[in-house]
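Please open the model in your viewer and keep the selection panel at hand. The tour goes from stop to stop, saying at each one what to select and what is there.

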Amino acid sequence: MGEKLLKAILQILVVVAKEEDVTKDEREVVRSFLLQNVHHGDVNKYLGFFDEEAKKLPDEISLEEAKLSIERVILPLNMEMTNVQKSVIVINLVQLIAADGIVTQQEDELLYYVGLHFNMDESLLRTVKNFVIERRVSHLDMRQMLFISSEKNPNFHWAKHISYEGLIGHIALLCLPSYGVYFMKYMGDKELYLNGVAIRPYTALNFAPGSILKTQTGITLFYSDVVGNFLSRQLRDNYVLSTDHISYEFPNGDKALRDVHFEESSGKLIAIMGMSGSGKTTLLNVLNGMESPTEGRVLINGIDIHRDANRIEGVVGYIPQDDLLVEDLTVFENLYYSARLCFGQATRRDIKSRVEHVLKDLGLEEIQDLKVGSPLQKTISGGQRKRVNIALELIREPAVLFVDEPTSGLSSRDSERVIDLLKELSLKGKLVLTVIHQPSSDIFKMFDKLLFLDHGGYQVYYGNPIRGVTYFKEMMDRVDKAHGQCLDCGNVNPEQIFDIVESKVVDEFGYETSKRRVGPETWARWFKKNQGIRVEAKHIPVVSSLSHVPSAFRQFFVYVSRDVQAKRANLQYLIMTLAAPAVLSFLLASVVRHSPEGESYSFSLNVNIPAYFFMSILVALFLGLMVSAEEVFKDKKILKREMFLNLSRRTYIHSKLFVLFFISAVQTMIYVLIGDYILHVEEMTFSYWMVLFSVSCFANVLGLNVSSAFNSIATIYITVPLLLIPQIILSGTIVNFDHLHPSLSDKRRVPWIGELMASRWAYEALVVDKYLDNPFMKDLYPHDRRIHLAEYEISYRLPTIERYLEEAWKWRVSVSKLDGSEDGYDTYAHNLQVVKNELAKDLSQHGYENLDVWEKLEPDSFNRKIYHETAGFIRVMRSLSTARYKKARKEKKDFLSTTGSTPQRKLNYERLRKSHDNRYLEGMLKGISSTLRIIEVDGYLYPNLYPIYRKPIPQHIFDFRTRLFYPEKHIFRFFLPTLHFNVLVLWFMSSVLILSLLFNFPSLCTRMISQKGRR
C-alpha cells in the first residue's frame, strides 16, 4: 500500500470519527489497522498523522461537511484503489463507528456514503456491518460465513463450519466473492495470533493469502485450508502468462536478465533458447516463481505470481533438468506418492486410478513395476526417466508448465518423443515453456513461439520460430533472408540463429577476430524497435488446479510411508542397517571380554568394562550419523520440487526424524542385547538402551543438519569424523578434564567445552546408573557413602585446613620475630581466608557459637588465642567425623553380617557382587586414581575424590554443573538422578538441533559463507 493511499484512508477515518471527538477506543481501532498494514516502527508516525488531521477538523462536524471532506479524499484515489483495499477501508470504518458501542445516525449515513463511492451495494454493506458489529454467532448465520470452532454439529442453516477440537470460542470468516477478499474475527476470550501477531477479540481483520492463524493450544489454521471451504472448483482453460519488463541480478551484482518482456496464452508450446550462460534457466526460475525478479513482474491472468503466489497455487508446474525420482521406488510408486502429496482430499483408489491413467497416456504402463534406479544403475532408459519426471507434474494437471532442458542427454528419438508429449499437452490447453539446446528441425518446428536470449540476459527475439530465422537474417541483410527453411527438404536449422547472433568481425587478412559484429545491447535495441511487444495485465479468473495439498498431518504419513518403502526396497541398505550394530556389538564385546589368567569370566573382574561403555557411546554416535548423513542431501532435488508445490518442509523433516529415530531404536536395541549377553551386563538393559538411543537420536539430528548444510557428498563424509573426534577427546574419558589446556579447564566442575559434548552426558549417565542402580549396590551404597565422605573429612579436608592454619600461624610468628616484615603477607591472608571459608561450611551445620573467634580469622586480628581455638575446633570436627566413620563402618558390618548370615545368603551375595560390582568401574567413579585428592580454587577447597558419593551444592536455581560422576544433578531446586537428568540434556541438545533444521539454519549459513566467498 502506497503512502498516499494510506494517508487518504486515515483522513477518511478521521472524518468519520470526528462527529464529536476521537475516543480512545476509536484511536485503538486506527492503531490496530496500522499494525496490520505498515511496519511496526512506522505505526506511531502514521498515528501522529491521524492525530494531526483530527486537530484540523472542528470539534463537531456536520453531516454535509463530513461528506464533502470524504468526497475530496475519495474522488482522486477511487481509480487507484483495488476492491480489496476498498473493502478493507469499509471494514475499518465499521469498526471505528462501533468502537464506542454506539452507532449514530450520522456515522451510519457516512458509512453508506463511502460505500456508494466505492460502488458497493447496500446489501453487501449491511453484510459487512453485521459481520463487524454482531457478537452473537447465531446472528451471523449467512451464506458468506464460515465458522471454525470445537463444536461437532453446530446448528447452522446457511453458514459453513469447520470443527477443530480444543479451539475455544469461534473464528468467524466472511467471504466477499465479488471482491476476492476474506475477513475474519475471533469471537472468544483466549489469545489468537494472525501471522504471529496477537489479535483483539471481536476485531475484524483482512484474512489475506498466506495468512496463518494460531491458537495458544497449538491449533494452526492455514489460509488455503480455510478458504478452500468457500470455493468450488471450476475448470477454465484460459491462462495468460505475461512478463512486465523483468530483470534479475545475482547477489554478487552480475545481471542475469535484462528487461525481458512477453505475453502468451494457453495452448502454446514455447521454446527458450540462447547462448550458454545467457540466463535461460534463471529466466525459467523467475517465471515459475522460484526466484523473484529484481525489477518487473511476472503475471498469470493479471496476478503477480511472486507477490500473490497463493492465488495461483497449483496452476504452475515445474520439471527441472535433474531427476526428481526416488531411486529405490518403482515408476508406479514414484507417481503414487507424488499424487498423494498433491491430492489431499482424494481416496487411495482415486489416486491409483489417476496414476494408472497418466501411465497409460505417457506409454509407461509396461515399466510401471520397474525400480527407477539411478542414472549409473539404469533399469529404465533416459527417455523413460524424462517421461516419468513429466508424469510427476502432469498427474496434478498444472495449467502452466515449465520444463528445463527436457532433451538433455537423450537420443534424437527420445528427444522427439518428449517434445511431442509436451506439444500434446499444449494442444490440450496447457501453456508449456521449455529451455532447449540445439533442437532438431522437427523439434524446432513443434514450438509455437521462440524466446531467444543473448549474453547478459538480453532478450533479442520473441515470436514464431521459423520467423526467427528470417528475422535474424534480415537484420544482418543476408542473401537468403526471405527463407527460414530449406526450400528443397523443408528442414530448419536453428543453429543459424546462433551463427548470426555471434558472428565475428573479420580483420584485413580475412581472419575472424574475437569481437562480435553486433553486441547483445544492439540486438536487444533492434528487437524492441522492430518487434516490440505490448503487454496488458489481463484479469482473467484464475482456475485452481485439481490438486489440493494435504494437511501437514497427512503429508507426514505420506512422507513416512514413502521413506519406509524406499528403504525396504533397498536390500543392501537394510542389511547394512541391521547388521552393522550386530557385528559391531559382537566384535567389540568379544574383544573386551577379559578375565584374569586362571579365572573364569565375570563382569566384576573385567578391566575393560569402563572402556566398553565409552566405546558403546561412540558406536551409537557413529550409527546415528551413518544412517542420517545423506538423508536430506539425496532428497534435495525432490525437496526443491515439493517446496515449489507448497508442501511443508518442516513436515518432511519431522517424517525423517520419525523414521531415523525408529531405525536408531532398533539398532541400539540389537547392540545392547548382544553386548549384554556376551559381557554379562545385567539389570540395566532398558537404561543402557535409553542412553544409547538418546545419543543415537542426537547423532541423527546432527547428521541431518550436516546433510542439509552441504551440497557435496564428499564434504559430508569429511565433516562426519570432524564431528566425532571432539566427542572422543572432550568427553572427559580419554583426556581428563583437569588436564586440558588451562584456558579450557575448570577445576571445580566440568568445563563448558565438555558440557557441549553429548558423549560426556551419555557416558556419565551409563556408568553412574550401572554403579548405583543394581541389586548389589542398592542397599550397600548408603553405608559406603557415609563411610567415604567421613573418610575424606578425616584424611584430606580437615588435615588440609590444618595445614593452611599452621602455615598462616608460622608466618605470623615469623613476622613478629622479624620486626614486621611484610614478605609473604598475601599468602598469609590467603591461607587464613581458606580456613575461614571452609570452617564456615562446618559452622553452618553446628552453629557459629561453637567457634566464637570465627569472625576474627582475619589477617590483622589473628593471634595465638585465635589460632589455638581454631585448631581446637578442627580437632573437634575430626572427632565428629571419626565418630561418623566408625558408626557407618559398624552399620555396614552389621548389614554384611545379616546378608551373609547363612551359607546360601552368602553365596547369593557373592553372585550379586560378581554380576554387578565391577571394581575398575568403581575405582573410576571414586576417583582413586587421581593423584590430587583435593584442590583449592579462589579460597575454597574442592574434593577431587569420591564424586559418586557427593551431592551437588548449587549456587543458584539454574546451576546444574558439577564434576563428573555425581550421583544426582540439580536444576530449578530439584535434584534428579544423573541418568534421568543427562538423558534430558541429550534430548534438549537434540531439540536445539531440530529447531536449527526446521528453520534451515545450516543451509542458510553455508549459503551466506558461499556468497561472501564469491564477493
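Begin by selecting Phe965, which counts as buried because its relative accessibility is 8%. This is a predicted model, and in it Phe965 sits in the loop between strand S23 (940–943) and strand S24 (968–971). Although Phe965 is not a glycine, its phi is positive, at about 75 degrees. Most residues other than glycine have a negative phi.

Now move to Asn301, where a positive phi, near 55 degrees, is again found in a residue other than glycine. Asn301 is placed in the loop between strand S13 (295–300) and strand S14 (303–304), and with 2% relative accessibility it counts as buried.

**The whole protein**

Before the next stop, zoom out until the whole chain is in view. The protein has 34 helices and 25 strands, and 51% of its 1015 residues count as buried. Among the contacts with a separation of 6 or more, 68% are between residues 24 or more positions apart. The protein exposes about 48400 Å², of which carbon and sulfur atoms supply 53%.

**Two helices, and a nonpolar patch**

Select residues 685–709, which make up helix H24, and follow the 25 residues of this helix from the first C-alpha to the last, a reach of 36 Å that is close to the 36 Å expected at 1.5 Å a residue. Is this helix enclosed by the rest of the structure or open? Helix H24 is largely enclosed by the rest of the structure, because 23 of its 25 residues are buried.

Go next to helix H15 (residues 465–475) and pick out Tyr471 within it. Tyr471 is buried, with a relative accessible area of 1%. If you add Ile497 to the selection, you will have two residues that are 26 residues apart along the chain and whose C-alpha atoms are separated by 9.2 Å.

For a stop on the surface, select Val583, Phe586 and Leu587, which form a nonpolar patch with about 290 Å² of accessible area together. Val583 lies in helix H19 (residues 571–592), and at 44% relative accessibility it counts as partly exposed.

**Salt bridges**

Side chains of opposite charge can pair when their charged atoms come close. The structure holds 33 salt bridges, and the next selections visit some of them.

Select Lys567 and Asp563, whose side chains meet in a salt bridge of 2.7 Å from N to O. Both residues belong to helix H18 (residues 552–569), where they are four residues apart, or about one turn of the helix. Residues three or four places apart in an α-helix point the same way, because the helix has 3.6 residues a turn. Lys567 counts as buried at 7% relative accessibility, and Asp563 counts as buried at 8%.

Then select Lys656 and Glu631, which form a salt bridge in which the closest N and O atoms are 2.6 Å apart. Lys656 lies in helix H23 (residues 649–679) and Glu631 in helix H21 (residues 631–634), so this pair ties together parts that are 25 residues apart in sequence. Lys656 counts as buried, with 2% relative accessibility, and Glu631 likewise counts as buried at 2%.

The next pair to select is Glu891 and Arg786, joined by a salt bridge whose closest N and O atoms are 3.0 Å apart. Because Glu891 lies in helix H30 (residues 864–899) and Arg786 in helix H28 (residues 775–817), the pair ties together parts that are 105 residues apart in sequence. Glu891 counts as partly exposed, at 28% relative accessibility, and Arg786 counts as partly exposed, at 38%.

To see a network rather than a pair, select Asp746, Arg748, Arg749, Glu755, Arg760, Glu764, Arg961 and Lys969, which are linked by salt bridges.

**The last stop**

Finish at Lys926, in helix H32 (residues 919–926). Lys926 counts as buried, with 12% relative accessibility, and its side chain is joined to that of His788 by a polar contact of 3.4 Å. Which residues are in contact with Lys926, leaving aside its neighbours within four places in sequence? They are Tyr771, His788, Leu945, Tyr946, Pro947, Ile948 and Tyr949, and showing their side chains together with that of Lys926 completes the view.

Conventions. Residues are numbered from 1 along each chain as its sequence is written. This is a predicted model: local features need pLDDT of at least 70, side-chain atom pairs count only at pLDDT 80 or more; totals for chains, interfaces and linings use all residues. Side-chain values use heavy atoms; hydrogens and water are left out. Helices (H or I, at least four residues) and strands (E, at least two) are DSSP runs, numbered from the N terminus. Buried means under 20% relative accessible area, exposed over 50%, partly exposed in between (1.4 Å probe, protein chains only). A polar contact is a pair of N or O atoms within 3.5 Å; within protein, one must be able to donate a hydrogen and the other to accept it, and residues adjacent in sequence count only if both atoms are side-chain atoms. Contact means heavy atoms within 4.5 Å. Patches are made of residues with over 30% relative accessible area and no salt bridge: like charges are joined within 9 Å, nonpolar side chains (Val, Leu, Ile, Met, Phe, Trp, Tyr) within 5 Å. Accessible areas come from the Shrake-Rupley method with a 1.4 Å probe; for residues, only the protein chains shown count as cover. A salt bridge is a side-chain nitrogen of Lys or Arg within 4 Å of a carboxyl oxygen of Asp or Glu. The expected span of a helix is 1.5 Å times one less than its number of residues.
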